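Me: I would like to go through this model and ask, for each label put on it, what the label rests on. Please set the values against the criteria as you answer.

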Amino acid sequence: MIKSELIQRLAERNPHLFQRDIERIVATIFDEISAALARGDRVELRGFGAFSVKRRPARTGRNPRTGAAVEVAEKCVPFFKTGKELREKLNISDDVQDAAPDDKTG
Amino acid sequence: MTGKTVTRAQLSEAVYQEVGLSRNESADLVETVLQEIVESLAREETVKISSFGSFHVRSKGGRVGRNPKTGQEVPIQPRRVLVFRASHVLKDRINDELVTKAR
């Protein structure tokens, strides 16, 4: 599902609203979350999950092809932790046992 | 990192300020947006929000885990996990505002 499909589904559930209002609502929500993370704040949505920012200190990396040392500057990365309720919902259907694993990292 | 936490209340307030709906309806809509995303993910659909990021459901195979404290072996059942990948737009925005401020 992409953003336009999300807007479409919301429009079907809310026939009394204008499409452009729904577009603004969706934009506002994601913009508010982005702005909070850009301030370094956490966003906690119970049952859904929590967004936070993690700081990665500067380090000396290596170009894997040439082996040359490269300075990698300090940076911040956004992080999402799935909420308990959502994690449980993902595993509700009983065909989980048959689901083909798509990676080996465990 | 600053310790402030944004919740549904602030998101609803932002929607209320931005769109001319009542506070109640704004809160309901925030909830509906989250619900639609959850339903999509529960169907194992990937959810992509441009300039924000994407949510993917991954199936993990079962394996034998170990209680790190006791060393006891515990079977871990096959399960589904959610992965969020932030878009470059979001990563850049976070770095522009946070890292430059910290220096």
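Me: What makes strand S4 (residues 63-66) and strand S5 (residues 73-76) of chain B a pair?

Reply: This is a predicted model, and in it S4(B) and S5(B) are joined over 4 bridges in the antiparallel sense. Two strands pair if at least two bridges are found between them, so S4(B) and S5(B), with 4 bridges, count as paired. Within this pair, Gly65(B) stands opposite Val74(B) of S5(B). The hairpin has 6 residues between the strands, and Gly71(B) takes a positive phi near 80° in it.

Me: How do you know that S2(B) and strand S3 (residues 53-60) of chain B are paired as well?

Reply: They share 3 bridges in the antiparallel sense, and because at least two are required, S2(B) and S3(B) meet the criterion. Val47(B) has Phe55(B) of S3(B) opposite it. The two strands belong to an open sheet of 3 strands in chain B, ordered S2-S3-S6, with antiparallel pairing.

Me: Which strands of that sheet are called edge strands, and why?

Reply: The name goes to strand S2 (47-49) and strand S6 (79-86) of chain B, each of which pairs on one side only. On average, neighbouring strands of this sheet are turned by 20° against each other, direction ignored. Helix H2 (residues 23-42) of chain B lies across S2, S3 and S6 of chain B, and runs at about 140° to S2(B).

Me: Why is Glu31(B) called partly exposed?

Reply: Its relative accessibility is 31%; buried would require under 20% and exposed over 50%, so Glu31(B) falls in between. Glu31(B) has its place in helix H2 of chain B, a helix whose buried residues include Val30(B) and Thr32(B).

Me: What shows whether H2(A) and H2(B) have the span expected of them?

Reply: The 20 residues of H2(A) should span 28 Å at 1.5 Å a residue, and because its end C-alpha atoms are 28 Å apart, the two values agree. H2(B), also listed with 20 residues, reaches 29 Å from its first C-alpha to its last, close to the 28 Å expected. After H2(A) comes Gly40(A), with a positive phi near 90°, while just after H2(B) it is Glu44(B) that takes a positive phi, of about 65°.

Me: What is the pairing in the sheet with the order S5(A)-S2(A)-S1(A)-S1(B), and why do two of its strands count as edges?

Reply: This open sheet of 4 strands has mixed pairing. Strand S5 (75-82) of chain A and strand S1 (5-6) of chain B each have a single partner strand, so one side of each is left without a neighbour in the sheet. Strand S2 (residues 49-56) of chain A pairs with S5(A) in the antiparallel sense over 8 bridges, and the bridge partner of Arg55(A) in S5(A) is Cys76(A).

Me: Which residues touch the most other members of the largest nonpolar core?

Reply: Of its 45 residues, these are Ile33(A), Phe48(A), Phe51(A) and Phe55(B). Helix H2 (residues 19-38) of chain A gives the most to this core, with 8 residues, and the core draws at least three residues from each of domain 1 (1-41) and domain 2 (46-99) of chain A. Leaving aside neighbours within four places in sequence, Phe48(A) is in contact with residues of both chains, among them Phe80(A), Leu86(A), Leu34(B) and Phe55(B).

Notes. Residues numbered from 1 in each chain as written. Chains lettered and ligands numbered in written order. Predicted model: local features only at pLDDT ≥ 70, side-chain atom pairs only at ≥ 80, totals over all residues. Heavy atoms only, no water. Core = buried A, V, L, I, M, F, W, Y, C linked by side-chain atoms within 4.5 Å. Buried < 20%, exposed > 50% of the residue type's maximum accessible area, 1.4 Å probe, protein only. Domains from an automatic or database assignment. Contact = heavy atoms within 4.5 Å. Axes fitted to C-alpha atoms, helices over the stretch in contact; angles between N-to-C directions. Expected span 1.5 Å × (residues − 1).
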